[in-house]
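This briefing takes up the strands and sheets of the entry shown below, and it is meant to be read alongside the sequence and the coordinates.

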Amino acid sequence: MDKAAGDLKQALPNVCDGIQIHVEVHQKSSSVAKKEDIRMSVLTLLNRHNIVFGDYKWTEFDDGFLNSNVQSVSIVDTDLKLKDRQPIDLSKSSLSLHIFHLNEEGPNSENLEEENEDIIAANHWVLPAAEFHGLWESLIYDTEVKSHLLDYVTTTLLFSDKNVDSNLVSWNRVVLLHGPPGTGKTSLCKALAQKLTIRLSYRYRYGQLIEINSHSLFSKWFSESGKLVTKMFQKIQELIDDKDALVFVLIDEVESLTAARSAFRAGTEPSDAIRVVNAVLTQIDQIKRYPNVVILTTSNITEKIDMAFVDRADIKQYIGPPSTAAIFRIYLSCLEELMKCQIIYPRQQLLTLRELEMIGFVENNVSRLSLVLKEISRRSEGLSGRVLRKLPFLAHALYIQSPSVTMTVFLQALSLAVDKQFEERQKLAERKKLADCV
């Protein structure tokens, strides 16, 4: 190691000493307690339990005030900073408390009237929303996708606060997640909006999430495209004008932009189609100048993303199918939930991959079931996250159908469900091949 690198390493704090720890405090919807009173009670709780091993959640409290006013206190996202499960001394850490209520109302539809017809332009949530509670934790990736996205928005706000000249240092507040279907891109966008609303609650009172459906935009609106696009973004502008709100604009399957442009160049689509695309890009260019807006986009067809849009994205993150390690963690979270609900009973301790590695993957009474799960995870490679989270349900529905079952029997059913999934995919592929030949 050269001297400069050595000096830098020495200057950095120990990984578990002085790191920033985020604590999310879910205040009960019925509570009218002041945030400062809740904050003081939570700090007292953390002072009594100042050594933790990674993420931790309290749902029951000795303190009557907390029991009356707080649903849960959670230490979160330590896995984004620490690679190994090791003790964290909260008394030596920088604690950031985020106290929030969940909005219990579902989404509202943003309708635009055109020729006596209501067109659903977008869905609109006020954040943090009960619908997205726990979504961030349920999304499991191999790479540091989550931490990179959080760091990106943090830097965006810093540059805005410091009045960095965007003509000299360019950033657009545009995120593009691309990859095959079923990998959780849209869910990650929604979870990120929820997480940032909670994390930035000290400067924004609430969040707004507007989800635009590209298919509706480019299939139904050709005749009056320019006017309708303008109307829709006027509604978004009204939300952005509220400086107490952090606004997220989500455009799903943004490759529809490319489809419209390609059809126009090929002469198979009216010129109005390209006006739709240009109107959307123009509106994005206008709203991205505001410090309280983030534009989140997804695409299922990486190679067909419009380059005019790609150039606007600060982050272009590929989201692929999960690896064996990620699949293991997904299954582990599903099994924990089923044990909590006593569908799998009695409760069995399952080791993490890290713990299995520490014992050299040796099979014994403690590790046997975890090694079975590891093998099922290996055989599940190639399945999307969406399918993986359905498989425990299918395992029960197809092979168990009993109110309660042991872990051993459930893992046998899960193994059969994985086999069946690949058999069905093979049959579908054969039928498609046959149909293409005809």
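**Strand β9 and its partners**

In this predicted model, strand β9 pairs with strand β13, which spans residues 315–318, in the parallel sense over four bridges. Within that pairing, L177 stands opposite Q317 in β13. The points below continue with β9, turn to an open sheet of four strands, and end with values for the whole protein chain.

**Further features of β9**

- A second pairing links β9 to strand β12 (residues 293–299), again in the parallel sense and here over five bridges, with L176 opposite T297 in β12.
- Strand β9 itself covers residues 174–178 and is mostly covered, five of its five residues being buried.
- In a regular strand, side chains alternate between the two faces of the sheet.
- In β9, V174, L176 and H178 point one way, while V175 and L177 point the other way, and all of these residues are buried.

**The open sheet of four strands**

- Four strands, in the order β3-β4-β1-β6, make up an open sheet whose pairing is mixed.
- At the edges of this sheet lie β3 (56–58) and β6 (94–100), each of which pairs on one side only.
- From one strand to the next, the twist of the sheet averages 15°.
- Helix α2, formed by residues 35–48, packs on the sheet and touches β1 (20–27), β3, β4 and β6, and the direction of the helix makes about 135° with that of β6.
- The edge strand β3 and strand β4 (residues 70–76) pair in the antiparallel sense over three bridges, and W58 stands opposite V73 in β4.
- Strands of a sheet pair through backbone hydrogen bonds, either parallel or antiparallel.

**The protein chain as a whole**

- The protein chain contains 16 helices and 13 strands, and of its 438 residues 47% count as buried.
- When contacts between residues at least 6 apart in sequence are considered, 76% of them join residues at least 24 apart.
- The area that the protein chain exposes comes to about 23,000 Å², of which carbon and sulfur atoms supply 51%.

Notes:
Residues are numbered from 1 along each chain as its sequence is written. This is a predicted model: local features need pLDDT of at least 70, side-chain atom pairs count only at pLDDT 80 or more; totals for chains, interfaces and linings use all residues. Side-chain values use heavy atoms; hydrogens and water are left out. Two strands pair if DSSP finds at least two bridges between them. Helices (H or I, at least four residues) and strands (E, at least two) are DSSP runs, numbered from the N terminus. Axes are lines fitted to C-alpha atoms, for helices over the stretch in contact, and angles run from 0 to 180 degrees between N-to-C directions. Contact means heavy atoms within 4.5 Å. Buried means under 20% relative accessible area, exposed over 50%, partly exposed in between (1.4 Å probe, protein chains only). Accessible areas come from the Shrake-Rupley method with a 1.4 Å probe; for residues, only the protein chains shown count as cover.
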